[in-house]
Amino acid sequence: MALLAFDNVSFSYPGSSAPALRGVSLQLQAGEYLAVLGANGSGKSTLALHMNGLLQPSEGSVTLQLPGGQLLSSHCKADLPALRRACSLVFQDPDEQTVASTVEEDVAFGPENLGLPREELRRRVDHALEQVGLADKASCLVVSLSRGQRQRVAVAGALAMEPSVLVCDEPTAMLDAQGSRAVMEVLAEVNRAGCAVVLITHSMEAALQAQRIIVMEEGNIALDGTPREVFTAQHARELRDAGLELPPAAAYALDCGWGDPLPLTIGELAERLGSIS
(Lines give C-alpha, C1' and ligand atoms only; values in the text may rest on other atoms or scores of the structure.)
Protein backbone atom coordinates (compact mmCIF):
# COMPACT_ATOMS: atom_id res chain seq x y z
CA MET A 1 0.00 0.00 0.00
CA ALA A 2 1.16 3.55 -0.72
CA LEU A 3 2.64 5.65 2.08
CA LEU A 4 0.55 8.70 1.09
CA ALA A 5 -2.50 8.54 -1.16
CA PHE A 6 -4.82 11.08 -2.76
CA ASP A 7 -8.06 9.55 -3.99
CA ASN A 8 -10.02 11.77 -6.39
CA VAL A 9 -9.28 14.90 -4.36
CA SER A 10 -10.96 18.18 -5.24
CA PHE A 11 -10.70 21.43 -3.31
CA SER A 12 -12.02 24.97 -3.71
CA TYR A 13 -11.03 28.00 -1.67
CA PRO A 14 -13.97 29.99 -0.26
CA GLY A 15 -15.13 32.59 -2.74
CA SER A 16 -13.12 31.14 -5.63
CA SER A 17 -14.92 30.50 -8.90
CA ALA A 18 -12.55 27.70 -9.95
CA PRO A 19 -11.34 24.64 -8.00
CA ALA A 20 -7.69 24.65 -6.89
CA LEU A 21 -7.59 20.85 -7.20
CA ARG A 22 -9.75 18.85 -9.59
CA GLY A 23 -10.11 15.12 -8.95
CA VAL A 24 -6.44 14.51 -8.15
CA SER A 25 -5.40 10.90 -7.56
CA LEU A 26 -1.80 10.35 -6.52
CA GLN A 27 0.26 7.78 -4.63
CA LEU A 28 3.60 8.37 -2.93
CA GLN A 29 5.66 5.33 -1.98
CA ALA A 30 7.85 5.02 1.11
CA GLY A 31 11.31 6.47 0.44
CA GLU A 32 10.27 8.06 -2.88
CA TYR A 33 11.55 11.46 -4.05
CA LEU A 34 8.80 13.34 -5.88
CA ALA A 35 9.08 16.77 -7.50
CA VAL A 36 5.89 18.75 -8.14
CA LEU A 37 6.13 21.33 -10.92
CA GLY A 38 3.66 23.92 -12.09
CA ALA A 39 3.12 27.59 -12.80
CA ASN A 40 1.67 29.95 -10.18
CA GLY A 41 -1.93 28.99 -9.52
CA SER A 42 -1.54 25.45 -10.86
CA GLY A 43 -2.43 23.88 -7.51
CA LYS A 44 0.97 22.61 -6.37
CA SER A 45 1.03 24.47 -3.03
CA THR A 46 -2.58 23.50 -2.38
CA LEU A 47 -1.52 19.89 -3.00
CA ALA A 48 1.27 20.28 -0.41
CA LEU A 49 -1.13 21.69 2.21
CA HIS A 50 -3.38 18.66 1.76
CA MET A 51 -0.50 16.25 2.38
CA ASN A 52 -0.35 16.93 6.11
CA GLY A 53 -3.93 17.95 6.67
CA LEU A 54 -3.57 21.73 6.83
CA LEU A 55 -6.31 21.67 4.21
CA GLN A 56 -9.00 18.98 3.90
CA PRO A 57 -10.51 17.97 0.55
CA SER A 58 -13.90 19.27 -0.54
CA GLU A 59 -14.27 15.87 -2.21
CA GLY A 60 -12.19 12.70 -2.10
CA SER A 61 -9.73 11.61 0.58
CA VAL A 62 -6.08 11.89 1.68
CA THR A 63 -4.63 9.03 3.71
CA LEU A 64 -1.21 8.23 5.14
CA GLN A 65 -0.05 4.85 6.39
CA LEU A 66 2.22 4.79 9.46
CA PRO A 67 5.13 2.31 9.60
CA GLY A 68 3.14 0.06 11.96
CA GLY A 69 0.27 -0.15 9.48
CA GLN A 70 -2.16 2.36 11.02
CA LEU A 71 -4.02 4.34 8.34
CA LEU A 72 -4.56 8.05 9.01
CA SER A 73 -7.13 10.22 7.24
CA SER A 74 -7.08 13.99 6.95
CA HIS A 75 -10.88 13.92 7.29
CA CYS A 76 -10.57 12.57 10.84
CA LYS A 77 -9.74 15.30 13.38
CA ALA A 78 -8.37 12.71 15.80
CA ASP A 79 -5.83 11.61 13.15
CA LEU A 80 -4.51 15.11 12.36
CA PRO A 81 -1.80 15.36 15.08
CA ALA A 82 -0.27 12.02 14.05
CA LEU A 83 -0.66 12.89 10.36
CA ARG A 84 1.22 16.16 10.82
CA ARG A 85 4.00 14.43 12.76
CA ALA A 86 4.38 11.85 10.01
CA CYS A 87 4.28 14.42 7.21
CA SER A 88 6.37 17.52 7.99
CA LEU A 89 5.99 20.67 5.90
CA VAL A 90 8.68 23.28 5.20
CA PHE A 91 7.71 26.59 3.56
CA GLN A 92 9.75 28.85 1.29
CA ASP A 93 10.34 31.67 3.80
CA PRO A 94 12.39 30.40 6.76
CA ASP A 95 11.61 33.52 8.81
CA GLU A 96 7.92 32.58 8.89
CA GLN A 97 8.84 29.30 10.59
CA THR A 98 11.22 30.57 13.27
CA VAL A 99 9.71 30.16 16.73
CA ALA A 100 12.72 30.45 19.07
CA SER A 101 15.85 32.58 19.36
CA THR A 102 18.63 29.98 19.17
CA VAL A 103 19.05 27.25 16.58
CA GLU A 104 18.77 24.32 19.00
CA GLU A 105 15.70 25.81 20.69
CA ASP A 106 14.03 26.33 17.34
CA VAL A 107 14.72 22.77 16.19
CA ALA A 108 13.54 21.41 19.55
CA PHE A 109 10.20 23.25 19.47
CA GLY A 110 8.19 20.59 17.61
CA PRO A 111 9.44 17.43 19.35
CA GLU A 112 9.41 19.20 22.74
CA ASN A 113 5.65 19.64 22.36
CA LEU A 114 5.37 15.84 22.07
CA GLY A 115 6.48 15.57 25.70
CA LEU A 116 9.58 13.54 24.88
CA PRO A 117 12.12 12.70 27.59
CA ARG A 118 15.05 15.13 27.71
CA GLU A 119 17.51 12.51 26.43
CA GLU A 120 15.34 11.70 23.42
CA LEU A 121 14.78 15.39 22.69
CA ARG A 122 18.55 16.01 22.78
CA ARG A 123 19.16 13.06 20.47
CA ARG A 124 16.62 14.28 17.91
CA VAL A 125 17.93 17.85 17.89
CA ASP A 126 21.56 16.77 17.56
CA HIS A 127 20.75 14.28 14.80
CA ALA A 128 18.62 16.76 12.84
CA LEU A 129 21.32 19.45 12.99
CA GLU A 130 23.90 16.89 11.91
CA GLN A 131 21.69 15.95 8.94
CA VAL A 132 21.53 19.56 7.71
CA GLY A 133 25.19 20.33 8.40
CA LEU A 134 24.58 22.82 11.21
CA ALA A 135 25.77 20.91 14.28
CA ASP A 136 28.32 23.66 14.96
CA LYS A 137 25.59 26.33 14.95
CA ALA A 138 23.38 24.86 17.70
CA SER A 139 23.94 27.71 20.17
CA CYS A 140 23.85 30.49 17.55
CA LEU A 141 21.01 32.97 17.25
CA VAL A 142 18.82 32.10 14.27
CA VAL A 143 18.81 35.74 13.13
CA SER A 144 22.63 35.67 12.88
CA LEU A 145 22.57 33.00 10.16
CA SER A 146 22.38 33.43 6.40
CA ARG A 147 19.02 32.88 4.73
CA GLY A 148 20.21 29.55 3.37
CA GLN A 149 21.30 28.44 6.83
CA ARG A 150 17.95 29.56 8.27
CA GLN A 151 16.19 27.45 5.68
CA ARG A 152 18.27 24.46 6.77
CA VAL A 153 17.26 25.17 10.38
CA ALA A 154 13.62 24.98 9.23
CA VAL A 155 14.36 21.64 7.56
CA ALA A 156 16.07 20.42 10.76
CA GLY A 157 12.98 21.37 12.78
CA ALA A 158 10.85 19.27 10.43
CA LEU A 159 13.29 16.35 10.57
CA ALA A 160 13.36 16.41 14.38
CA MET A 161 9.75 15.20 14.23
CA GLU A 162 11.14 12.05 12.52
CA PRO A 163 8.57 12.15 9.70
CA SER A 164 7.91 9.52 7.06
CA VAL A 165 7.42 12.32 4.50
CA LEU A 166 9.19 15.68 4.24
CA VAL A 167 7.28 18.17 2.07
CA CYS A 168 9.21 21.29 1.00
CA ASP A 169 7.26 24.06 -0.72
CA GLU A 170 9.68 26.13 -2.84
CA PRO A 171 12.50 25.84 -0.25
CA THR A 172 15.09 27.46 -2.54
CA ALA A 173 12.92 30.24 -4.00
CA MET A 174 14.44 32.97 -1.78
CA LEU A 175 18.02 31.68 -1.79
CA ASP A 176 21.12 32.43 -3.81
CA ALA A 177 22.86 29.70 -5.82
CA GLN A 178 25.07 28.60 -2.94
CA GLY A 179 22.19 28.43 -0.48
CA SER A 180 20.05 26.56 -2.99
CA ARG A 181 22.74 23.94 -3.57
CA ALA A 182 23.14 23.42 0.18
CA VAL A 183 19.41 22.89 0.71
CA MET A 184 19.13 20.54 -2.27
CA GLU A 185 22.08 18.49 -0.97
CA VAL A 186 20.31 18.18 2.38
CA LEU A 187 17.11 16.95 0.71
CA ALA A 188 19.04 14.38 -1.31
CA GLU A 189 20.78 13.10 1.83
CA VAL A 190 17.49 12.96 3.77
CA ASN A 191 15.99 10.89 0.97
CA ARG A 192 18.99 8.56 0.86
CA ALA A 193 18.44 8.00 4.59
CA GLY A 194 14.98 6.62 3.78
CA CYS A 195 12.60 9.56 4.21
CA ALA A 196 10.17 10.24 1.37
CA VAL A 197 10.66 13.77 -0.01
CA VAL A 198 8.15 15.92 -1.89
CA LEU A 199 9.71 19.00 -3.49
CA ILE A 200 7.35 21.72 -4.72
CA THR A 201 9.39 23.82 -7.14
CA HIS A 202 9.54 26.06 -10.20
CA SER A 203 13.09 24.90 -10.96
CA MET A 204 13.47 22.34 -13.72
CA GLU A 205 17.06 21.70 -12.66
CA ALA A 206 16.04 21.05 -9.04
CA ALA A 207 13.38 18.63 -10.25
CA LEU A 208 16.06 16.54 -11.96
CA GLN A 209 17.18 15.37 -8.51
CA ALA A 210 13.83 13.61 -7.98
CA GLN A 211 13.01 10.05 -8.98
CA ARG A 212 9.60 11.12 -10.24
CA ILE A 213 7.96 14.33 -11.42
CA ILE A 214 4.35 15.41 -11.64
CA VAL A 215 3.32 18.53 -13.52
CA MET A 216 0.28 20.41 -12.23
CA GLU A 217 -1.94 22.48 -14.52
CA GLU A 218 -5.19 24.15 -13.44
CA GLY A 219 -5.56 21.78 -10.50
CA ASN A 220 -4.93 18.63 -12.51
CA ILE A 221 -1.93 16.34 -12.91
CA ALA A 222 -0.95 16.96 -16.53
CA LEU A 223 2.19 14.76 -16.60
CA ASP A 224 3.56 12.04 -14.31
CA GLY A 225 6.80 10.11 -14.80
CA THR A 226 10.54 10.02 -14.31
CA PRO A 227 12.55 13.12 -15.33
CA ARG A 228 13.58 11.26 -18.48
CA GLU A 229 9.92 10.54 -19.30
CA VAL A 230 8.63 14.05 -18.56
CA PHE A 231 11.40 16.21 -20.05
CA THR A 232 11.09 15.11 -23.66
CA ALA A 233 10.63 16.69 -27.07
CA GLN A 234 7.28 14.91 -27.17
CA HIS A 235 6.09 16.73 -24.03
CA ALA A 236 7.68 20.12 -24.77
CA ARG A 237 4.38 21.63 -25.92
CA GLU A 238 2.51 20.28 -22.88
CA LEU A 239 5.14 21.77 -20.59
CA ARG A 240 4.82 25.16 -22.32
CA ASP A 241 1.03 24.95 -22.03
CA ALA A 242 1.54 24.40 -18.28
CA GLY A 243 3.74 27.51 -18.09
CA LEU A 244 7.00 25.55 -17.84
CA GLU A 245 10.12 25.01 -19.90
CA LEU A 246 12.51 22.13 -20.40
CA PRO A 247 15.76 22.12 -18.37
CA PRO A 248 18.37 24.34 -20.10
CA ALA A 249 20.35 21.46 -21.62
CA ALA A 250 17.22 19.83 -23.01
CA ALA A 251 15.88 23.15 -24.31
CA TYR A 252 19.15 23.83 -26.14
CA ALA A 253 19.11 20.36 -27.69
CA LEU A 254 15.51 20.78 -28.81
CA ASP A 255 16.34 24.16 -30.38
CA CYS A 256 19.11 22.38 -32.29
CA GLY A 257 16.57 19.96 -33.71
CA TRP A 258 17.55 16.96 -31.60
CA GLY A 259 14.94 14.34 -30.83
CA ASP A 260 14.37 12.13 -27.82
CA PRO A 261 16.02 11.19 -25.60
CA LEU A 262 17.10 14.76 -24.88
CA PRO A 263 20.14 15.46 -22.66
CA LEU A 264 18.92 16.62 -19.26
CA THR A 265 22.11 18.00 -17.73
CA ILE A 266 25.00 20.11 -18.97
CA GLY A 267 27.23 17.05 -18.56
CA GLU A 268 24.98 14.97 -20.81
CA LEU A 269 24.82 17.81 -23.35
CA ALA A 270 28.62 18.15 -23.41
CA GLU A 271 28.99 14.41 -23.89
CA ARG A 272 26.55 14.41 -26.80
CA LEU A 273 28.22 17.40 -28.42
CA GLY A 274 31.59 15.70 -28.00
CA SER A 275 30.37 12.57 -29.74
CA ILE A 276 29.05 14.64 -32.65
CA SER A 277 32.34 16.49 -33.16
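Two strands pair if DSSP finds at least two bridges between them. With that in hand, here are some close-up views of this predicted model.

**View 1. Strand 3 and strand 9 run side by side in the parallel sense.** Four bridges join strand 3 (residues 33-37) to strand 9 in this parallel pairing. One residue to look for is Leu34, whose bridge partner in strand 9 is Arg212.

**View 2. Six strands make up an open sheet with mixed pairing.** Reading across, the strand order is 6-7-8-3-9-10. Strand 6 (87-90) and strand 10 (220-225) are the edge strands; each has a single partner strand, so one side of each is left without a neighbour in the sheet. From one strand to the next, the twist averages 20°.

**View 3. Helix 1 and helix 6 lie across strands of the sheet.** Helix 1 lies across strand 3, strand 6, strand 7 (165-169), strand 8 (196-201) and strand 9. Helix 6 (residues 177-192) lies across strand 3, strand 7 and strand 8. Relative to strand 8, helix 1 runs at about 150°, and helix 6 also runs at about 150° to strand 8.

**View 4. Helix 1 (residues 44-51) is mostly covered.** Six of its eight residues are buried; they are Lys44, Thr46, Leu47, Ala48, His50 and Met51. After the helix comes Gly53, with a positive phi near 80°.

**View 5. Ile213 sits buried in strand 9 (residues 212-217).** Buried means under 20% relative accessible area, and Ile213 counts as buried because its relative accessibility is 0%. Leaving aside neighbours within four places in sequence, its contacts are Leu34, Ala35, Leu37, Ala207, Leu223, Asp224, Gly225, Pro227, Val230 and Phe231. Take a moment to find Asp224: this residue is 11 residues from Ile213 along the chain, and their C-alpha atoms are separated by 5.7 Å.

**View 6. Ser73 belongs to strand 5 (residues 71-73).** Ser73 has 19% relative accessibility and therefore counts as buried. Not counting residues up to four places away in sequence, Ser73 touches Val62, Thr63 and Asp79.

**View 7. Tyr252, Leu273 and Ile276 form a nonpolar patch on the surface.** Together these three residues have about 300 Å² of accessible area. Leu273 is found in helix 11 (residues 266-276). Its relative accessible area is 35%, so Leu273 is partly exposed.

Definitions and conventions
Residues are numbered from 1 along each chain as its sequence is written. This is a predicted model: local features need pLDDT of at least 70, side-chain atom pairs count only at pLDDT 80 or more; totals for chains, interfaces and linings use all residues. Side-chain values use heavy atoms; hydrogens and water are left out. Buried means under 20% relative accessible area, exposed over 50%, partly exposed in between (1.4 Å probe, protein chains only). Helices (H or I, at least four residues) and strands (E, at least two) are DSSP runs, numbered from the N terminus. Contact means heavy atoms within 4.5 Å. Patches are made of residues with over 30% relative accessible area and no salt bridge: like charges are joined within 9 Å, nonpolar side chains (Val, Leu, Ile, Met, Phe, Trp, Tyr) within 5 Å. Accessible areas come from the Shrake-Rupley method with a 1.4 Å probe; for residues, only the protein chains shown count as cover. A salt bridge is a side-chain nitrogen of Lys or Arg within 4 Å of a carboxyl oxygen of Asp or Glu. Axes are lines fitted to C-alpha atoms, for helices over the stretch in contact, and angles run from 0 to 180 degrees between N-to-C directions.
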